[in-house]
Amino acid sequence: MSEDKPNTEQAIKDAAKKVFMLYGLKGARMQTIADEAGINRAMLHYYFRNKEKLFEVIFIDAMSEMNDRMGAIAEADLTIFEKIEHFMNGFSDKALENPEFELFMMNEFRLNPKYFEKLMQSSTTGKSVRSFLTELEKAQKRKEIIGDPNQIFLFILSTIIMPFAGMTMLRTMMGKTEQEYMQLMQERKSIFLEFLVKAIKP
């Protein structure tokens, strides 16, 4: 079993992602995850004792990549505008890969605020994202940018997240196909960066 363990664990994680995205944390069932993974429920419980533990593993795996990226940006010898570009592109590229994820996370935070606050506090992701805010604060003190770093931080994150979290509504309002809308999101990365730099550059 040890030889097959990595493959089985990954199959379970992949299946769980689909089920969690479809039903949410509360609505997901271990049996549904087992069926999606092509294993029996006893095997699923052998690897993960409950859906909360399984979700935590998937959440931490997803956040670890972001954590590594944020740490690299903070430590890199780059201008603040280059750091902003890397930060924005990292978030945007991840959202483009899995556009439904932003809406899923917003819904889950709304439905289970204490649980997700605990998850964020137990991982290093929250600290890593806040490290970008620290970079903005340092740049503002050095007079490399103008404006409130907190407002800039909120502006960047909300501008990235909202078009994906509200994708179905916005796409329908604009009369765009899914492919057309995703193309707009791809083009939007450079357009928004140019707009932001003009707004905060002294």
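How do the residues of the lining of the second largest pocket divide into nonpolar, polar and charged? Keep that in mind while you get oriented; this is a predicted model, and the tour starts at that pocket.

**Stop 1: the second largest pocket**

Select Met 21, Gly 24, Pro 99, Glu 100, Leu 103, Phe 104, Asn 107, Glu 108, Phe 164, Ala 165, Met 167 and Thr 168, and you have the lining. There's the answer to the opening question: 7 nonpolar, 3 polar and 2 charged. The space inside comes to about 190 Å³. Now colour by helix. H1 (5–27), H6 (100–111), H9 and H10 (167–174) each put at least two residues into this lining, and H6 gives the largest share, with 5.

**Stop 2: a ring cluster**

Keep Phe 104 selected and add Phe 20, Phe 55 and Phe 59: ring pairs link these four into a cluster. Zoom in on Phe 55 and Phe 59, which are stacked, with 6.4 Å centre to centre and 20° between the planes. They sit about one helical turn apart, because 4 residues separate them in helix H4. Both of these rings are buried. Across the whole structure there are 9 aromatic pairs.

**Stop 3: a pair between two helices**

Next, pick Phe 132 and Phe 153. This pair is tilted, 6.4 Å centre to centre with 40° between the planes. Phe 132 belongs to H8 and Phe 153 to H9, so the pair ties together parts 21 residues apart in sequence. Both are buried. Expand around Phe 153 and, leaving aside neighbours within four places in sequence, you'll pick up contacts with Phe 87, Val 129, Phe 132, Leu 133 and Leu 136.

**Stop 4: the largest nonpolar core**

Phe 153 is also one of the residues that touch the most other members of the largest nonpolar core, a set of 23 residues; select Ile 84, Phe 87, Met 88, Leu 136, Ile 145 and Ile 156 to complete that group. Show the helices again: H4 (51–75), H5 (80–97), H8 (125–141), H9 (149–165) and H11 (178–200) each supply at least two residues of this core. The largest share, 6 residues, comes from H5. Apart from this core lies another, of 22 residues, including Ala 28, Leu 54, Phe 116 and Leu 119.

**Stop 5: Ile 84**

Go back to Ile 84, in helix H5. Is Ile 84 buried or exposed? Its relative accessibility is 0%, so Ile 84 counts as buried. Beyond its neighbours within four places in sequence, Ile 84 contacts Phe 132, Leu 136, Ile 156, Leu 193, Leu 196 and Ile 200. Try a C-alpha to C-alpha distance from Ile 84 to Leu 193: 8.2 Å in space, with their positions 109 residues apart in sequence.

**Stop 6: the cavity**

Last selection: Met 88, Asn 89, Ser 92, Thr 159, Ile 160, Phe 164, Met 185, Arg 188, Lys 189 and Phe 192, which line the largest cavity. The count is 1 cavity of 30 Å³ or more, and the largest cavity holds about 100 Å³ of space. H5, H9 and H11 are the elements giving two or more residues to its lining. Which element gives the most? H11 does, with 4 residues. By type, this lining divides into 5 nonpolar, 3 polar and 2 charged. Two familiar names turn up here: Met 88, listed among the well-connected core members, and Phe 164, which also lines the second largest pocket.

Methods
Residues are numbered from 1 along each chain as its sequence is written. This is a predicted model: local features need pLDDT of at least 70, side-chain atom pairs count only at pLDDT 80 or more; totals for chains, interfaces and linings use all residues. Side-chain values use heavy atoms; hydrogens and water are left out. A nonpolar core is a set of buried Ala, Val, Leu, Ile, Met, Phe, Trp, Tyr and Cys residues joined through side-chain atoms within 4.5 Å. Buried means under 20% relative accessible area, exposed over 50%, partly exposed in between (1.4 Å probe, protein chains only). Contact means heavy atoms within 4.5 Å. On a 1 Å grid over the protein atoms alone, a cavity is a set of points where a 1.4 Å probe fits but cannot get out, and a pocket is an open set with protein on both sides within 12 Å along at least five of seven lines; lining residues have an atom within 4 Å of a point. Grid points are joined across faces, edges and corners, and a volume is the space filled by probe spheres set on the points. Ala, Val, Leu, Ile, Met, Phe, Trp, Tyr, Cys and Pro count as nonpolar, Asp, Glu, Lys and Arg as charged, and the others, Gly among them, as polar. Rings of Phe, Tyr and Trp (its six-membered ring) pair if their centres lie within 6.5 Å; planes under 30 degrees apart count as stacked, over 60 as edge-to-face and the rest as tilted.
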